[in-house]
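Here are some exercises to work through with the sequence and the 3D view side by side. Try each task yourself before reading its solution.

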Protein chains: 2
Amino acid sequence: MTGELMAAEMGEQPEVLRRLLSRRAEIKSSLGSRLPDDVRGVVLVARGSSDHAAIYGRYAIEVASGLPVTLAAPSLVTLYRAEVDYQGFLAVAISQSGETPEIVSVLRCLSELGAFGVAITNRADSPLAREAGVVLELGAGDERAVPATKTFTAQLAMLGMMAEALGSPPWRPNDWASVPEAVESALADPAPAREVADEIGDALGTICVGRGFLFPIALEAALKLKETSSILAEGYSAADLRHGPIAVIEEDFPVLLFAASGPTQADVESLADTLDERGARVFVIGDVARADIPVSGTLPEALAVIPAAVRAQQLAFWLARHRGLDPDHPSGLTKVTRTGERSA
Amino acid sequence: MTGELMAAEMGEQPEVLRRLLSRRAEIKSSLGSRLPDDVRGVVLVARGSSDHAAIYGRYAIEVASGLPVTLAAPSLVTLYRAEVDYQGFLAVAISQSGETPEIVSVLRCLSELGAFGVAITNRADSPLAREAGVVLELGAGDERAVPATKTFTAQLAMLGMMAEALGSPPWRPNDWASVPEAVESALADPAPAREVADEIGDALGTICVGRGFLFPIALEAALKLKETSSILAEGYSAADLRHGPIAVIEEDFPVLLFAASGPTQADVESLADTLDERGARVFVIGDVARADIPVSGTLPEALAVIPAAVRAQQLAFWLARHRGLDPDHPSGLTKVTRTGERSA
């Protein structure tokens, strides 16, 4: 069967999350005792799926801690040698393999500029881990399918725990307990995602939309769809879509809209109405009334991203299958990406 | 003729830039005297084309000043009410009209959180200007075509001057003098852009790629193409493209590659080789040997972005014309974008 690696790794997610969450107190206290006292900002370093986790981390950490959080532009340090004063900053590098040379190189440069390095990785013995003052190991087990699944949701959970260690996140401590269950519910009910994938069918393009905490999930959905199904999928925040890109959405164009009860709901629902008026085929993923693909309503928005990400994986998996493609082995991709030599 | 507004406004760019550059000493000294002394960071606020200018500003200011620069995520302040300490930060909001309610609202929130507000706008009497401690007026004259052209290149120049006011940018003071001429050269020679647009023709999608300072120009090219021609165009950094999205690039897929002599050249040229091997149709815009659409080689990379942006405008203009569309009036867009009410 094609896609068996991806399917198996998606299926491991409840267990991976349970294992990770059982280390919650330990991770929090380890961060509490080992991070510098006078943190004045955070810079996140990642590419690809990990970069989408980083965007989630930006929202979670900024809301929880009140620290300014920025996403590193790698070329600024590797190619332009910008000499930014990162004294008092945490530099948090996120890489499943811990082997992407560019990410290792950026973390080293940021440390030389004064930042305290943290590595979030699935490989505690990786080059990235060796560059960091604190290593947060995902413990997700080997990931062999090219599209990241279990390591992506584990990265989200790890960044959520990091936000807790740095302040007051927008969820209650007990909410974590419902996360693996919400993921299990989604995995046990693949039919709605499969049906939407079949409806997207051979469309040449789609747009994935989310807002706030769900914005990175929309980006990740678009990337997974591109990787597995070669569909032209682009991710947008609901707000950005209105600033121009909405022009590409014509009659029957499929749009995947990630929605959640909470502060972003009104904006996303108003966008859904606008898209309906344009004649787009709007498919909603979330805990809201009009959802085509449901996500458990027991979680606050900032944690509901995790089962929502699983829904995105299912869409990508089933779209690839619909198209007769093997989701495990996308065209021209490998598990560790090497940027052009000169930039490393 | 369709597109006459856009064509006219593109044609005004050398004059707009000359006018702006004649105010260079005044702008620099006004910033020098009015900004706080103890700036410790910069946060940029924008959407759409202005957001691409903001990304350019991030590179230019970070390289020049050594200050950490971040791009605001508007929902963090408007919807989630993150209480970030922005004491000592400059909050630089960029909006052509100065009327986008969300941008005005974000600048107000950031000021309340301690930041010193700067507005870059074409309208000194706008609501955005009223929220700011310093207003940097573009003076580009009315812009009536929906796709921003002359205000975008003016924003790039203004952010470049701001980088100069804050430190040592990667160009010499005299290099500015060649910018309007390089734009004039591009405008006087539309044929290469028109030919590439004709070759893209009715393709359903394209990908625009740049790296470093040219990355925001690739994003802007993709947005312009979407707006004017409803083509599924996505912008990427050369490095990000390798992390998954390259999977969509199949035989004959058109790719627009922005290249410049300098630190990013080796990486972009290595990507061009990879894309050639995949059978993509690669069109190069820049001052490099294999360019299909030339950009004057007299400018350092960080200023060559301005004529490169003009090349992107020409591509969007001619692709719309090829498709029988009116570039002045993209489907469903207006000049001032209102995000869902609740987010304002």
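The exercises below go from the contact between the chains to single residues and charged pairs.

This is a predicted model, in which local features need pLDDT of at least 70, side-chain atom pairs count only at pLDDT 80 or more, and totals for chains, interfaces and linings use all residues. Residues are numbered from 1 along each chain as its sequence is written, chains are lettered from A and ligands numbered from 1 in the order in which they are written, and side-chain values use heavy atoms, with hydrogens and water left out.

**Exercise 1. Relate the two chains**

Task: Find the turn and shift that lay chain B on chain A, and name the relation.

Solution:
- Step 1. Superpose the copies by least squares on the C-alpha atoms of residues with pLDDT of at least 70 in both.
- Step 2. A turn of 180 degrees and a shift of 0.0 Å along the axis lay chain B on chain A with an RMSD of 0.0 Å.
- Step 3. That is the relation of a two-fold axis.
- Step 4. To find the axis in chain B, look for Thr70(B): its C-alpha is the nearest to the axis, at 2.6 Å.

**Exercise 2. Describe the interface**

Task: Work out how much area chain B and chain A bury between them, and which residues of chain B touch chain A.

Solution:
- Step 1. Count residues in contact (heavy atoms within 4.5 Å). Chain B gives 70 residues and chain A gives 70 residues.
- Step 2. Take the buried area, which is the accessible area (1.4 Å probe) that two parts lose on being put together, summed over both. Chain B and chain A bury about 5,700 Å², 59% of it on carbon and sulfur atoms.
- Step 3. Pick out Tyr80(B), Leu232(B) and His243(B), which supply 13% of the area that chain B buries against chain A, more than any other three residues.
- Step 4. Ask whether the copies use the same surface: 100% of the interface residues of chain B are also interface residues in chain A, so the copies do meet through the same surface.
- Step 5. Look for salt bridges (a side-chain nitrogen of Lys or Arg within 4 Å of a carboxyl oxygen of Asp or Glu). The rule finds six across this interface. Glu234(A) and Lys226(B) form a salt bridge, with their closest N and O atoms 2.9 Å apart.
- Step 6. Assign elements, with helices (H or I, at least four residues) and strands (E, at least two) taken as DSSP runs numbered from the N terminus. After the salt bridges, note that among the elements of chain B supplying at least two residues each to the side that touches chain A are helix 4 (48-65), strand 7 (232-237) and helix 13 (265-277).

**Exercise 3. Place two residues of chain B**

Task: Decide whether Thr149(B) is buried or exposed, do likewise for Leu17(B), and list the contacts of each.

Solution:
- Step 1. Apply the cut-offs: buried means under 20% relative accessible area, exposed over 50%, and partly exposed in between (1.4 Å probe, protein chains only).
- Step 2. Thr149(B) sits in the loop between strand 5 (134-137) and helix 8 (150-166) of chain B. Its relative accessible area is 0%, so Thr149(B) is buried.
- Step 3. Not counting residues up to four places away in sequence, Thr149(B) touches Met6(B), Glu9(B), Met10(B), Gln13(B), Glu143(B), Lys224(B) and Gln313(B).
- Step 4. Leu17(B) belongs to helix 2 (residues 13-22) of chain B, and at 1% relative accessibility it is buried.
- Step 5. Leaving aside neighbours within four places in sequence, the contacts of Leu17(B) include Ala154(B), Val179(B), Pro180(B) and Ile306(B).

**Exercise 4. Follow a salt bridge into its network**

Task: Find the partner of Asp267(B), and the network that holds the pair.

Solution:
- Step 1. Asp267(B) forms a salt bridge with Arg211(B), and the closest N and O atoms are 2.8 Å apart.
- Step 2. The pair links distant parts of the chain, 56 residues apart: Asp267(B) is in helix 13, and Arg211(B) is in the loop between strand 6 (205-210) and helix 11 of chain B.
- Step 3. Asp267(B) and Arg211(B) are both buried.
- Step 4. Widen the view: a network of salt bridges links Arg47(A), Glu102(A), Arg211(B), Asp240(B), Arg242(B) and Asp267(B).

**Exercise 5. Check a backbone angle**

Task: Say where Arg81(A), with its positive phi, lies.

Solution:
- Step 1. Most residues other than glycine have a negative phi.
- Step 2. Arg81(A) is not a glycine, yet its phi is about 55 degrees.
- Step 3. Arg81(A) is in the loop between helix 5 (74-78) and strand 3 (89-95) of chain A, and it is exposed, with a relative accessible area of 53%.
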